[in-house]
Amino acid sequence: MDCLQDWPEPIVRVQSLSESGASTIPARYIKPPNDRPSPTSISNCHVSIPVIDMSADPEHVARVVSSACREWGFFQVVNHGVDPKLMRCARNTWCGFFHEPMEIKQQYANSPKTYEGYGSRLGTKKGALLDWGDYYFLHVHPPSLINQEKWPALPSSLRPTTDEYTQELLKLCRRLMRVLSKGLGLKEGCLQEAFGGDKDGACLRVNFYPKCPQPDLTLGLSPHSDPGGMTVLQVDDHVKGLQVRKDGAWVTVQPVPDSFIINIADQIEVLSNGAYKSVEHRVMVSSTAERLSMAFFYNPCSDIPLAPIPQLVMPDRPPLFQPMTFNEYRLYIRKNGPKGKSQVESLKIVPKAVHV
């Protein structure tokens, strides 16, 4: 990890750029024309990811979740068991952190070695184009990885609220893992076992997207699929920004109040032998409103090689992916930043040529 000790250039906080009053954005944030958000890339507003009621009959839930994972890789859950008051409290508390004075936030500045702390870029390539957003990244599970010095002391409610919130999301993810296993025709505990059982891991990244004077030229987060197992996302239900790639078009997600957006990440695509899809997504920014989202990343044990589950490998469905540990996988991401689906595609096994 020596190559990831520090950032290649001085870090500029996007929030500071936003609050400077400048009417244009620096060239480092301007995306190539084909990568910019545009009216033609935004799908019909009547098309959106499935919304699933988690309080419905368990067999029905397993079927509709499985369908969503195969067709979209994304879905929203309502009646999920997490108190909406706790959800709002967590969001408001982290909004409070991002509006603390810069000298307080700077005490928690991160490095690419672990990404933990206050950050403003992903990837360590010098001269890379940057995204219009700041973030805060924390390890929240297992307890042995929690470093309280990295957890902001202000606002004073942040630490206890974040701890309660992430414990509830850990329970939700483990419940969803059972649902995902059933949808693959496996025993309920199969995916969890492949993740290392109770050696699973979780991180929280709070994304802050300040107002942008030229939102048509940049993105809050470039297209990518998530490297871990599953992501539970809480977004602002008043300010849209998340887009999901579907059939070559970008679909803008219509957030449902008090819901979570769930997406399959690369490790579950590998374990499911491609049955469940990790799907590219990106974030747009706004000239009139800032936006905060909270992404809870549920991950496998970091040092177990992950490969397609044997029950999902058949003569007509050979293994699509070669084994790799999550530690090896995320090192690639830390070096390169968000790069579409290039990493999971690089794991695919190339079929041997058949000579006749």
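Here is a friendly conversation about helices, rings and charges in this predicted model.

User: What makes the span of helix H5 close to the expected one?

Analyst: Helix H5 covers residues 158–183, which is 26 residues. From its first C-alpha to its last it reaches 36 Å, and 38 Å is expected at 1.5 Å a residue. Just after H5 comes glycine 185, with a positive phi near 80°.

User: How many aromatic pairs are there, and why is the one between tryptophan 94 and phenylalanine 97 called edge-to-face?

Analyst: The structure holds 14 aromatic pairs. For tryptophan 94 and phenylalanine 97, the ring centres are 5.7 Å apart and the planes make an angle of 70°. Rings count as a pair when their centres lie within 6.5 Å, and planes over 60 degrees apart count as edge-to-face, so both conditions are met.

User: Where do tryptophan 94 and phenylalanine 97 sit along helix H3?

Analyst: These two residues are three apart in helix H3, residues 84–98, so about one helical turn separates them. In general, an α-helix has 3.6 residues a turn, so residues three or four places apart point the same way.

User: How do you know whether tryptophan 94 and phenylalanine 97 are buried or exposed?

Analyst: Buried means under 20% relative accessible area. Tryptophan 94 has 1%, so it counts as buried, and phenylalanine 97, with 0%, is therefore buried too.

User: Which residues do ring pairs link into a cluster?

Analyst: Ring pairs join Trp94, Phe97, Phe98, Tyr108, Tyr118, Tyr136 and Phe208 into a cluster.

User: What makes arginine 13 lie over the face of tyrosine 118?

Analyst: Arginine 13 is 4.0 Å from the ring centre of tyrosine 118. The distance limit is 6 Å, and the charge must also be within 35 degrees of the ring normal. Lysine 246 offers another case: its charged end sits over the ring of tryptophan 72, 5.0 Å from the centre.

User: Why is the contact between lysine 31 and aspartate 131 called a salt bridge?

Analyst: Their side chains meet at 2.6 Å, N to O. The cut-off is 4 Å, so the contact qualifies. The structure holds 10 salt bridges. The lysine 31 and aspartate 131 pair links distant parts of the chain, 100 residues apart: lysine 31 is in the loop between helix H1 and strand S1, and aspartate 131 is in the loop between strands S3 and S4. Lysine 31 has 5% relative accessibility and therefore counts as buried, and aspartate 131, at 14%, is buried as well.

User: What does the salt bridge between aspartate 258 and arginine 88 tie together?

Analyst: The closest N and O atoms of aspartate 258 and arginine 88 are 2.9 Å apart. Aspartate 258 lies in the loop between strands S9 and S10 and arginine 88 in helix H3, so the pair ties together parts that are 170 residues apart in sequence.

User: Why are aspartate 258 and arginine 88 called partly exposed?

Analyst: That label covers values between buried, under 20%, and exposed, over 50%. Aspartate 258 has 32%, so the label fits, and arginine 88, with 40%, is partly exposed too.

User: How do arginine 174 and aspartate 200 meet, and which is buried?

Analyst: Their side chains form a salt bridge at 3.0 Å, N to O. Arginine 174 lies in helix H5 and aspartate 200 in the loop between helix H6 and strand S5, so parts 26 residues apart in sequence are tied together. Arginine 174 is partly exposed at 27%, whereas aspartate 200 is buried at 1%. Elsewhere, salt bridges with shared partners join Glu9, Arg28 and Arg121 into one network.

Notes: Residues are numbered from 1 along each chain as its sequence is written. Side-chain values use heavy atoms; hydrogens and water are left out. Helices (H or I, at least four residues) and strands (E, at least two) are DSSP runs, numbered from the N terminus. The expected span of a helix is 1.5 Å times one less than its number of residues. Rings of Phe, Tyr and Trp (its six-membered ring) pair if their centres lie within 6.5 Å; planes under 30 degrees apart count as stacked, over 60 as edge-to-face and the rest as tilted. Buried means under 20% relative accessible area, exposed over 50%, partly exposed in between (1.4 Å probe, protein chains only).
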